[in-house]
Amino acid sequence: MSTADSPKRSMRTPLGRVRNLGAAHSGTSDFWRQRLTAVAMTLLMIPVLVIIMMTLGRNQAGAKQILGSLPIAVIMMLFIVASAWHMKIGMQVVIEDYVHNEKLKLTAIMLNNFFSIAVALASIYAILQLSSGV
């Protein structure tokens with residue numbers, strides 16, 4: 001049997017080759033999601049900085065008027081979602097790489113998920129409060 005006829009030598013199991021997953025069993029989805037959120041945050045950075053500069057030097061009523069605008073609220077919420085998601089993925093990668101106790105790792109990942117969701121929801125709630133005029 002020639003080398004051209006033999007199956008490609010690999011350390012992966014047949015199922016692993018079919019699913020194209022590595023040792024972490026998650027593939028590269030987190031890698032690409034983190035890159036996607038980084039691009040989204042980069043694109044939203046200039047509008048967010050402009051919004052922040054518009055609120056500088058204003059009193060609370062002036063800042064509330066600016067942040068209460070629908071297009072600005074949408075930009076801010078998109079930035080919040082992208083940032084929270086990016087933070088969650090980044091911290092999860094650090095936890096998975098450097099926490100070796102499985103129970104502690106699971107606990108840390110769960111706390112990371114809850115914290116990221118809480119930050120995003122609290123921020124979105126604040127923006128919705130400003131934009132609704134309540």
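This passage walks through the fold of a predicted model, from the whole chain down to a few single residues.

Taken as a whole, the chain is built from 5 helices and 0 strands, so reading from the N terminus simply gives α-α-α-α-α. Of its 134 residues, 23% are buried. Among contacts with a separation of 6 or more, 66% link residues 24 or more positions apart. The accessible surface adds up to about 10000 Å², and carbon and sulfur atoms account for 69% of that.

Helix α4 is a good place to look next. It covers residues 70-98, and its 29 residues should span 42 Å at 1.5 Å a residue, because the expected span is 1.5 Å times one less than the number of residues. The C-alpha atoms at the two ends of α4 do sit 42 Å apart, so the expected and computed values agree. Quite a list of residues in α4 is buried, including Ile72, Ala73, Met76, Phe79, Ile80 and Ile95. The cover over the buried residues of α4 includes α2 (29-55), α3 (60-67) and α5 (102-132).

Those helices turn up again in the largest nonpolar core, which holds 16 residues. Ile51, Ile72, Met76, Phe79, Ile80 and Ile127 have the most contacts inside this core. At least two residues of the core come from each of α2, α3, α4 and α5, with α4 giving the largest share, 7 residues. Phenylalanine 79 shows what such packing looks like up close: leaving out residues up to four places away in sequence, it touches Met41, Leu44, Met45 and Val48.

Two other residues are worth a closer look. Lysine 105 belongs to helix α5. Its relative accessibility is 16%, and since buried means under 20%, lysine 105 counts as buried. Apart from neighbours within four places in sequence, lysine 105 is in contact with Ile95, Glu96 and Val99. With valine 99 there is also a polar pairing: a polar atom of the lysine 105 side chain lies 3.4 Å from the backbone oxygen of valine 99.

Isoleucine 52, in helix α2, is another story. Its relative accessibility is 41%, which falls between the 20% limit for buried and the 50% limit for exposed, so isoleucine 52 counts as partly exposed. Isoleucine 52 and leucine 67 are 15 residues apart along the chain, and their C-alpha atoms are separated by 9.3 Å.

Notes
Residues numbered from 1 in each chain as written. Predicted model: local features only at pLDDT ≥ 70, side-chain atom pairs only at ≥ 80, totals over all residues. Heavy atoms only, no water. Helix = DSSP H or I, 4+ residues; strand = E, 2+ residues; numbered from the N terminus. Buried < 20%, exposed > 50% of the residue type's maximum accessible area, 1.4 Å probe, protein only. Contact = heavy atoms within 4.5 Å. Polar contact = N/O pair within 3.5 Å; in protein donor to acceptor, adjacent residues only side chain to side chain. Core = buried A, V, L, I, M, F, W, Y, C linked by side-chain atoms within 4.5 Å. Areas by Shrake-Rupley, 256 points an atom, 1.4 Å probe, with all protein chains shown as cover.
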